[in-house]
Amino acid sequence: MERPLFVVGDVHGHLAELTRALHARDLVDEAGDWTGGDAELWFLGDFVDRGPDGIGVIEFVMRLAEQSSGQVNALIGNHEVLLLGMHRFGDENVPNAPTPRSFARSWLLNGGLRSDQDRLTDRHIEWLTSRPVLHLVDDHLLMHSDTMAYLEWGTTIDEVNDAVHAVLEGHDLGAWWECWRKMTTRYAFRGADGGAVAVELLDVLGGAEVVHGHSVIADQLGVPPEEIDGPLRYADDKVLAIDAGLFSGGPCLVVELDDSVVP
Ligand SMILES: [Mn+2]
């Protein structure tokens, strides 16, 4: 495996910072056009909410995917489910919930932007809906959320991706809500047994390490986000966290993954 492999975590609408960070790694030019050559670049989801230009970020990543002939690709995160769920169901109440719940309520509570909803097109929806939630590349198991809940959809990467895809293609609010709820859970690998939990997941889905976004590194270390300058390896070195908390003042990390991960 010769080509460089990069991952980027939760961008949350920060298009300018993302463009600058990719330019600093020579993956795009100043105008934001792909210059990455044979490099492969994966985004781990959460393009929208909490920041000014979520749709701009989606447009940008879609364009890079096209310009790179698919060497740039993306997983979706919980905020894409929220964006699409808000678009599809609005303030419709989730059936059989113990207290009133709706995508509109959660969308407001989680930094949803009216401007992103207004600019969301069928083209964006189709692209997002057809992205995976899990991907294995060179023994790196890429996922948005640091959770074991993905296994509730299946025991192979394809099964999980297909199950989530089926939910997002359908109009079952209960199933959509479960999708949002599961992908919002976190911290599965943080406890004293975090390494064992990660190994359990890797044994089922494959790969030698988990690479995730979603949970901000600074929170885990108990330091301000401004102090973060690289990814965090933890859980007996089985897990790599790459979300430096761009929306809360951290940097936009463009993380190059090592091709020598030892299983
Ligand atoms: Mn997230």
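D46 is buried, with a relative accessible area of 1%. Keep in mind that this is a predicted model. D46 sits in the loop that joins strand 2, residues 40-43, to helix 2. Its backbone is worth a look. Phi of D46 is near 60 degrees, which is positive, and D46 is not a glycine.

Now go to the other end of helix 2. There we have S69, in the loop between helix 2 and strand 3. S69 also has a positive phi, about 55 degrees, and again the residue is not a glycine. Is S69 buried or exposed? S69 is exposed, at 69% relative accessible area. So we have two loops, one on each side of helix 2 in the chain. D46 is buried, and S69 is exposed.

Next, helix 2 itself. Helix 2 covers residues 54-67. I will take two of its packing partners in turn.

Start with helix 1, residues 15-24. The axes of helix 1 and helix 2 come within 9 Å. They cross at roughly 30 degrees. Angles under 35 degrees count as roughly parallel, and helix 1 and helix 2 are therefore roughly parallel to each other. Who makes the contact? On the helix 1 side, L15, L18, T19 and L22. On the helix 2 side, G56, V57, F60 and L64. By class, this contact has six nonpolar residues, two polar and no charged ones.

One general point on spacing. An α-helix has 3.6 residues a turn, so residues three or four places apart point the same way. Look at the contact lists with that in mind.

Stay with L22 for a moment. L22 belongs to helix 1. L22 counts as buried, at 0% relative accessibility. What does L22 touch, beyond residues up to four places away in sequence? The list is V8, L27, V28, L41, F43, F60, L64 and V254. F60 and L64 are the helix 2 residues we just met. There is also a C-alpha distance to note. L22 and G32 are ten residues apart along the chain, and their C-alpha atoms are separated by 8.2 Å.

Second partner: helix 6, residues 122-129. At what angle do helix 2 and helix 6 pack? About 65 degrees, with the axes 11 Å apart. The range from 65 to 115 degrees counts as roughly perpendicular, and helix 2 and helix 6 are therefore roughly perpendicular to each other. The crossing is left-handed. Helix 2 contributes I55, I58, E59, V61 and M62 to the contact. Helix 6 contributes R123, H124, W127 and L128. Here the classes are six nonpolar, one polar and two charged residues. Set that beside the helix 1 contact, with no charged residues.

What about burial in helix 6? H124, I125, W127, L128 and T129 are buried there. Several elements help to cover them. Helix 2 is one of these. The cover also includes strand 3 at 72-74, helix 3 at 78-89, helix 5 at 114-119 and helix 7 at 157-169.

On to strand 5, residues 140-143. Two residues here. H140 is in strand 5, and at 1% relative accessibility H140 counts as buried. H140 and V210 are 70 residues apart in sequence, but their C-alpha atoms are 6.0 Å apart in space. L142 is in strand 5 too. L142 is buried, with 0% relative accessible area. Its contacts, leaving aside neighbours within four places in sequence, are V7, W42, L44, L75, V133, L134, H135, V137, V211 and L257. For another distance, take L142 and R114. They are 28 residues apart in sequence and 30 Å apart in space, C-alpha to C-alpha.

One lysine before I finish. K182 is in helix 8, residues 173-184. Is K182 buried or exposed? K182 counts as buried, at 10% relative accessibility. Setting aside residues up to four places away in sequence, K182 touches T147, A149, E152 and W153.

Last, the annotation. UniProt, in an unreviewed entry, places "domain: Calcineurin-like phosphoesterase" at residues 5-214. Over residues 5-214, the chain is 45% helix and 11% strand. The end C-alpha atoms of that stretch are 20 Å apart.

Definitions and conventions:
Residues numbered from 1 in each chain as written. Predicted model: local features only at pLDDT ≥ 70, side-chain atom pairs only at ≥ 80, totals over all residues. Heavy atoms only, no water. Axes fitted to C-alpha atoms, helices over the stretch in contact; angles between N-to-C directions. Helix = DSSP H or I, 4+ residues; strand = E, 2+ residues; numbered from the N terminus. Parallel < 35°, antiparallel > 145°, perpendicular 65-115°, else oblique. Left-handed = near helix turned anticlockwise from the far one by under 90°. Contact = heavy atoms within 4.5 Å. Nonpolar A, V, L, I, M, F, W, Y, C, P; charged D, E, K, R; others polar. Buried < 20%, exposed > 50% of the residue type's maximum accessible area, 1.4 Å probe, protein only. UniProt positions renumbered as here; feature names shortened; annotations may be inferred.
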